[in-house]
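Please look over the sequence and the model shown here before reading on. The report that follows goes from the whole chain to single residues.

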Amino acid sequence: MMKRSSTLCILMPLLLAACDVTILGGGSNDGGATDPAEPSGDGGSPGHEGCGGSGSGGDPGGGDPGDTLTAVALTRAQMDVLWDEYWESQGDVQTGSTGGGDVELDPNDLFLRASDLGVSCGSPTTHLTCGGHWQLSIVLPSAYQQVGVYDLDDPELIRYSMMSETGEPYSPQPDDCPWGGGSIVPGTLEILAIDEAEVRFRVTLGSFWEVDPSGEYTAPRCP
């Protein structure tokens, strides 16, 4: 049974009111939290591997305790390049694909992306086949790009973050199965360390989803 509407949370209503950052614990980065590195302008082509492309190896959950799982970190500017290249390859020219409407979006927003099928610096999304697979995308405004524990129910995180999952197949067809997608909540995000090279973070989710991507991740920043 579908857990959420199939409308992805990257298109969550933009009328949510801005609020102060909700920090449940933690504080400064001790090494100085940094703004995302300037994008190189070369996001690669969707479908080609970039940094950190291995994912968590097909585990339907977030892995065993103590495992460090692989993710990737991209700025909104980098994601926009990937989406523009993708739509162009499909013969459909669009712009500003990671947002919507006329709202001015911050190119320094940081996307933390993970999936049990692997993630890539060269693709804006991961195609999920049937069988209990999942993908996770948490989008951090600049004020959240520092060490601390954050509530995933915070409107500033809900606004563009999302999760999706597939269920067991109904038939041999690879895409014939239940699919759900939407906001990640309830849960928390803990930024363990962040610098110009990578982001280490821990996700702890409730029991709403069939799969559980809870765990600790290392996300190299995409070039």
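The text below describes the fold, a helix, the cores, a cavity and a few buried residues.

This is a predicted model, in which local features need pLDDT of at least 70 and side-chain atom pairs count only at pLDDT 80 or more, while totals for chains, interfaces and linings use all residues. Residues are numbered from 1 along each chain as its sequence is written, and side-chain values use heavy atoms, with hydrogens and water left out.

**The chain as a whole**

The protein chain holds two helices and 11 strands. Here helices (H or I, at least four residues) and strands (E, at least two) are DSSP runs, numbered from the N terminus. Their order along the sequence is β-β-β-α-β-β-β-α-β-β-β-β-β. The chain has 223 residues, and 44% of them count as buried; buried means under 20% relative accessible area, with a 1.4 Å probe and protein chains only. A contact means heavy atoms within 4.5 Å. Among contacts between residues at least 6 apart in sequence, 71% join residues at least 24 apart.

**Helix α1**

Helix α1 covers residues 76–89. The expected span of a helix is 1.5 Å times one less than its number of residues. For the 14 residues of α1 this gives 20 Å, and the end C-alpha atoms are 20 Å apart, which agrees. Buried residues in α1 are Arg-76, Gln-78, Met-79, Asp-80, Leu-82 and Trp-83. They pack against β3 (72–75), β4 and β5. After α1 comes Gly-91, with a positive phi near 75 degrees.

**Nonpolar cores**

A nonpolar core is a set of buried Ala, Val, Leu, Ile, Met, Phe, Trp, Tyr and Cys residues joined through side-chain atoms within 4.5 Å. In soluble globular proteins, nonpolar side chains tend to be buried together. The largest core here has 29 residues, and those touching the most other members are Leu-112, Ile-138, Leu-140, Ile-191 and Phe-201. Two or more residues of this core come from each of β4 (110–115), β5 (134–140), α2 (155–158), β9 (187–194), β10 (198–205) and β11 (215–220). Apart from this core lies another, of 11 residues, including Val-72, Leu-74, Leu-82 and Val-139.

Leaving out residues up to four places away in sequence, Leu-140 touches Asp-109, Leu-110, Leu-112, Gln-145, Leu-157, Leu-189 and Ile-191.

**The cavity**

A cavity is a set of points, on a 1 Å grid over the protein atoms alone, where a 1.4 Å probe fits but cannot get out; lining residues have an atom within 4 Å of a point. There is one cavity of 30 Å³ or more. The largest cavity contains about 40 Å³ of space, a volume being the space filled by probe spheres set on the points. Its lining consists of Leu-152, Leu-157, Ile-158, Ser-161, Ser-183, Ile-184 and Val-185.

Val-185 is also part of a cis peptide bond, which leads to Pro-186 and has omega near 0 degrees. Pro-186 sits in the loop between β8 (179–182) and β9.

**Two buried residues**

Where do Met-162 and Val-119 lie? Met-162 is in strand β7 (residues 162–166), and Val-119 is in the loop between β4 and β5. The table gives their relative accessible areas and one C-alpha distance for each.

| Residue | Relative accessible area | Partner in space | C-alpha distance |
|---|---|---|---|
| Met-162 | 5% | Arg-113, 49 residues apart | 9.7 Å |
| Val-119 | 2% | Thr-70, 49 residues apart | 8.3 Å |

How values were computed: On a 1 Å grid over the protein atoms alone, a cavity is a set of points where a 1.4 Å probe fits but cannot get out, and a pocket is an open set with protein on both sides within 12 Å along at least five of seven lines; lining residues have an atom within 4 Å of a point. Buried means under 20% relative accessible area, exposed over 50%, partly exposed in between (1.4 Å probe, protein chains only).
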